[in-house]
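Below are my notes on this structure, set out as numbered points for someone who has not looked at it before. Please read them with the model open.

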Amino acid sequence: MLTSNAGNAFALQPLQSRWVNQSIGGRSEDSPGATLLIRARPELGDASSPFNASLHRHGGFTMKALVVGGSGRIGSRVCKILKGAGHDVIAASRRTGVDTMTGEGLAASLKGVDVVIDTSDSPSFEESAVFDFFTKSSSNIAREAKSAGVGSLVVLSVVGIDRLPSNGYYSAKLAQEETVKSSGMPFAIVRATQFLEFLDVIASASTQGNVVKVSTAYLQPIAADDVAKFVSAVAMEEPRNQTVDVAGPEAFRASDIMASYLQAKHDPRIVIGDPQATYFGSKLETNSLTPVGTRAALGTITFEAWLGATANT
């Protein structure tokens, strides 16, 4: 039994989700509504696949990947996973001389690259700035990647961005997706639900005084480690011009998980669940931020396990 910050006892009861054949289900852009399954890769690849055969170097199945935002929360994890699988990885960011907004250093970094994985995020969340970042950055990446003969483009996006048109950030991510789809590049878009690591940001944005007013809509948050695993798996597969939804293994009322999270941190703020509370300026319906009508791939890290791990770091 958990006790809310307001002093009322409640049991945090997640809406349990299920695995989908331990595969990643996706919507094909060529066949709307179709379900695709990404097969598991034996070792580093299947020699019978034309895509994997093209990656055959130095006696092993390797590829060269450019990870945009490679020093960030997801990008750094993707780099680690791909390197561990034996692939050549370049972590691209402004720190390494690659500016996707201006295009500086981009062409040079793409030489010999097989796949570009874009996990970057806008340095500003002001509406016009975030729109400029995602549209200019994705346009530059797609144009230069196509010119360099890169095999595919993988982009990290967000579940539900087409359901919240009033949210400037989500509109910008949707524009990014459209840029990628119309680029002529083979692509895959991985839409993830909110990261568990994002709970602090949600709490901060929802706080007035000592009260955190949060929607009662559902969240199905996913750990960054799980997101990185899914992005890496998609990047190592043949591009299928698809959109893939990934989510955590549990769904909670946003107000319930927030109360539990703050309590675990010994945070004295009081959490109030309010159906009218906005999420970064947008009112949520019950499932605005959860996978709906898709065979989402589910991570394995539960909220409780994630909490325990973060408490020990």
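The points below cover confidence, the nonpolar cores, the spaces in the model and two backbone angles.

1. Confidence. This is a predicted model, and the chain averages a pLDDT of 84, with 80% of the residues scoring at least 70. Over residues 1-13 the pLDDT is below 50, although this stretch has 32 contacts in the model beyond near neighbours in sequence. Residues 15-25 also have a pLDDT below 50, and for this stretch too the model shows 32 contacts beyond near neighbours in sequence. Where pLDDT is low, the predicted coordinates should not be read in detail.

2. The largest nonpolar core. How many residues does the largest nonpolar core have? It has 29, and I117 and V154 are those with the most contacts inside it. Two or more residues come from each of strand 8 (64-68), helix 2 (73-84), strand 10 (115-118), strand 11 (152-158), strand 12 (187-192), helix 7 (224-235) and strand 16 (242-247). Helix 7 gives the most, with seven residues. As a general point, nonpolar side chains tend to be buried together in soluble globular proteins.

3. I117 and its surroundings. Leaving aside residues up to four places away in sequence, I117 touches A65, L66, V67, V68, V78, L82, V154, V231 and A235. One of these is V154, which is named with I117 for the most contacts inside the largest core.

4. A second core. There is also a separate nonpolar core of 28 residues. Among its members are L262, V271, L284 and F303.

5. The largest pocket. This pocket holds about 1,200 Å³ of space. Its lining has 43 residues, and S120, D121, S122, F125 and Y169 lie nearest its centre. Helix 2, helix 4 (127-148), strand 11 and helix 5 (168-181) each supply at least two residues of the lining. Helix 2 and strand 11 also give two or more residues to the largest core. By class, the pocket lining has 20 nonpolar, 16 polar and seven charged residues.

6. The cavity. How many cavities of 30 Å³ or more does a search of the whole structure find? The search finds one, and the largest cavity contains about 60 Å³ of space. It is lined by 13 residues, with V154, A188, V234, E237 and P239 nearest its centre. V154 thus appears here as well as among the residues with the most contacts in the largest core. Strand 11, strand 12 and helix 7 each supply at least two lining residues, and strand 11 has the largest share, three residues. The cavity lining divides into eight nonpolar, two polar and three charged residues.

7. N241. This residue is not a glycine, yet its phi is positive, at about 50°. N241 sits in the loop between helix 7 and strand 16. Is N241 buried, partly exposed or exposed? With a relative accessible area of 21%, N241 is partly exposed.

8. H266. Here too phi is positive in a residue other than glycine, with a value near 60°. The position of H266 is in the loop between helix 8 (254-264) and strand 18 (270-273). H266 has a relative accessible area of 73%, so it counts as exposed, the cut-off for that class being over 50%.

Definitions and conventions:
Residues are numbered from 1 along each chain as its sequence is written. Side-chain values use heavy atoms; hydrogens and water are left out. pLDDT is the predictor's confidence in each residue, from 0 to 100. Contact means heavy atoms within 4.5 Å. A nonpolar core is a set of buried Ala, Val, Leu, Ile, Met, Phe, Trp, Tyr and Cys residues joined through side-chain atoms within 4.5 Å. Buried means under 20% relative accessible area, exposed over 50%, partly exposed in between (1.4 Å probe, protein chains only). Helices (H or I, at least four residues) and strands (E, at least two) are DSSP runs, numbered from the N terminus. On a 1 Å grid over the protein atoms alone, a cavity is a set of points where a 1.4 Å probe fits but cannot get out, and a pocket is an open set with protein on both sides within 12 Å along at least five of seven lines; lining residues have an atom within 4 Å of a point. Grid points are joined across faces, edges and corners, and a volume is the space filled by probe spheres set on the points. Ala, Val, Leu, Ile, Met, Phe, Trp, Tyr, Cys and Pro count as nonpolar, Asp, Glu, Lys and Arg as charged, and the others, Gly among them, as polar.
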